[in-house]
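Let's take a walk through this one together. Have a look at the picture below, and then we'll start with a bit of vocabulary before getting to the chains.

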Amino acid sequence: MSAYRGNKRQHFGKAGGRRGRDHENAPVDENNPIIQCFREYATILDAKHDKYERIVKISRDITIESKRIIFLLHTIDPRKNNVRKVCEEAKERLEAIFRNHFINIAKELKDQDPYQYSRAYTNGMQEFIEAYTFYEYFCGQDISHWESIQKKLTYEKTPTEVPTDAKSTKENDNMEPSSETGLEKPTITTALHKGDEAVIMACFLHPQDFVLGLGDLSGEIMRTCVNSLGAGNSESCFQHCRFMQELYKGFLSVTSIRSRDFSHKMITLRQSLLKSENVCYNVTVRGGEAAKWGTTDDAAGALFQLQLSKDDDDEGVFF
Amino acid sequence: MQNNVKNIFDSFNDYLVKEQELRTEIREIVRDIDQAAKEAAIVLQIIHSSMADVPAACAKARTIFDTCREGYGKLAALIPAGQYYRYHDHWHYMTQRIVFLIALTIYLEKGFLVNRETAAEILGLTIDQKSGFHLDIEDYLVGILQLASELSRYAVNSVILGDYEKPLMISKFVADLNSGFRLLNLKNDSLRKRFDALKYDVKKIEEIVYDISIRGLRTEAAAVPAVEPLVEQAKQT
């Protein structure tokens, strides 16, 4: 290996001569103003890319943990009477994500334009929203508005270091009332709020991520719906189904969104909805006992699922 | 629970509508700036056909940059703090082009590369992200890469116009740019793609230098010793 390397170097040396000199000398010409500028640009770009990668990494961890929590929630079974226990554990783990992961993203986003890095954590965020709302749904709570989740994603910290830019903070504070509509919260203003000693950092939750997360939630509800049929409590199927109809209505009401993901989610949502409606249909027609068999893979089920049967894979199952 | 879902989607719709309105306003301003930038681009095209008119064209371009600056001021006032990158896609092409035009103007006037700070200053922006509306570094770099392509064309045309010294200067300049860009660790994004095209510009200009040298068209070979190695290199390739 080392011998080979040595050869290679020699080869370079030979070919180098006059020609190699140009190539190697050019970047080393540190006095050149262009080179000096570009050294600076290189550090800026590297810092940016590194930050992005770090956020992506955290986002991946969030995705994995969220999927596990969803799995955990699926183990809820009224027959075993474990609702409380599972919900407790899920809550614990969701809080842990807030504590351990999102705070790190918030740290990375401190003093940054959150939109610059929003692509880095959009996947983790959506998965997390799915897990979180699923937990809320299961525990019989209302689905949170994204603002209340955003509040949970906002961290107050007694600073180890003083906020770097006091002046711009003041300006931001002044601007806050005017631009603050309650709906779109410029996160930098919250992130930089330098009133008392505490520094407020926020991991910005893009409302669109929230809604897309809700779209994912529909898939989980559909599975719950089917599962609860299998478990014999056909009553709850109707509830689940109603909720999904509501969700679908909500999705339909959204206009003028600039996202391709959204229409994709729409299609999946519709399929999930049809499936759970089909379950409810079977329950009504045959009574809970029979439907358990009807909705599996036999002909009756296929009849109602029609074209959907071929691509009705449940997403979010594998990880 | 059902009301709740409706609530969420209602406020989501409100949110979207507000965003949409802001985007419409942004688009209008951007269109105006873009129009001005186009004028500047047209004015600067004179460099390819007449050497004597270059200073006048630069002066004209500079007045147009003032117009652009006003436009950017309006944009900056419109964008809420910390949301620069939310709407960035509306103006990043335009900004790249304007950076290119500024860089070209300054190269024609003074012969050096405008740095990011100066370019930002001309547009009334800063390079500091914390100040909200700033000149994004990638936009700046893409603008500089566009400059290289334009200079390769300029080199051709200055030969046509009988100026055999300019290609040598341009060659040195673009070679410096090239080695500058080599210092950057680029991700596999649009900047990277744009950068990959730079080598063709370098090659093109080196060929021009080669053509000039081999025919002895340079008035004084010793006048620009700095480009000697480049000529050498061109011969070998």
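When two helices cross, the crossing is called left-handed if the near helix is turned anticlockwise from the far one by less than a right angle, and right-handed if it is turned clockwise. Keep that in mind while you look at this model, which is a predicted one.

Let's put the term to use where the two chains come together. Helix 2 of chain A, covering residues 33-74, packs against helix 6 of chain B, covering residues 166-182. Their axes lie 9 Å apart and make an angle of about 25°. Angles under 35 degrees count as roughly parallel, so helix 2 of chain A and helix 6 of chain B are roughly parallel to each other. As for handedness, helix 2 of chain A passes helix 6 of chain B in a right-handed crossing.

Which residues do the touching here? On the side of chain A, helix 2 brings A:Ile34, A:Ile35 and A:Phe38. Facing them from helix 6 of chain B are B:Phe173, B:Asp176, B:Leu177, B:Ser179, B:Gly180 and B:Phe181. Sort the residues of this contact by character and you get six nonpolar, two polar and one charged.

Now step back and take in chain A as a whole. Its secondary structure comes to eleven helices and two strands. Follow the sequence along and the order reads α-α-α-α-α-β-α-α-β-α-α-α-α. Of the 319 residues in chain A, 51% are buried. The chain also brings distant parts of its sequence together: among its contacts with a separation of 6 or more, 74% are between residues 24 or more positions apart. Chain A has an accessible surface of about 16700 Å², and 52% of that belongs to carbon and sulfur atoms.

Chain A has a helix pair of its own that's worth a stop. Helix 8 (residues 207-230) packs with helix 9 (residues 235-253) at an angle of about 160°, their axes 9 Å apart. Anything over 145 degrees counts as roughly antiparallel, and therefore helix 8 and helix 9 of chain A are roughly antiparallel to each other. This time the crossing is left-handed, as helix 8 of chain A passes helix 9 of chain A. Quite a list of residues meets here: helix 8 supplies, among them, A:Val211, A:Leu214, A:Ile221 and A:Met222, while helix 9 supplies residues including A:His240, A:Phe243, A:Met244 and A:Leu247. In this contact there are twelve nonpolar residues, six polar and no charged.

What about chain B? This chain has nine helices and zero strands, so to speak α-α-α-α-α-α-α-α-α from one end of the sequence to the other. Its C-alpha atoms fill a box of roughly 85 × 35 × 25 Å along the principal axes. Buried residues make up 51% of its 237 residues. Of the contacts in chain B with a separation of 6 or more, 76% link residues 24 or more positions apart. About 10500 Å² of chain B is exposed, with carbon and sulfur atoms supplying 52% of it.

Let's finish by zooming in on a single residue. Is B:Gln96 buried or exposed? B:Gln96 sits in helix 3 of chain B, residues 88-110. With a relative accessible area of 7%, B:Gln96 falls under the 20% cut-off and so counts as buried. Leaving aside residues up to four places away in sequence, B:Gln96 touches B:Asp139, B:Val142, B:Gly143 and B:Gln146.

Note on methods: Residues numbered from 1 in each chain as written. Chains lettered and ligands numbered in written order. Predicted model: local features only at pLDDT ≥ 70, side-chain atom pairs only at ≥ 80, totals over all residues. Heavy atoms only, no water. Axes fitted to C-alpha atoms, helices over the stretch in contact; angles between N-to-C directions. Helix = DSSP H or I, 4+ residues; strand = E, 2+ residues; numbered from the N terminus. Parallel < 35°, antiparallel > 145°, perpendicular 65-115°, else oblique. Contact = heavy atoms within 4.5 Å. Nonpolar A, V, L, I, M, F, W, Y, C, P; charged D, E, K, R; others polar. Buried < 20%, exposed > 50% of the residue type's maximum accessible area, 1.4 Å probe, protein only. Areas by Shrake-Rupley, 256 points an atom, 1.4 Å probe, with all protein chains shown as cover.
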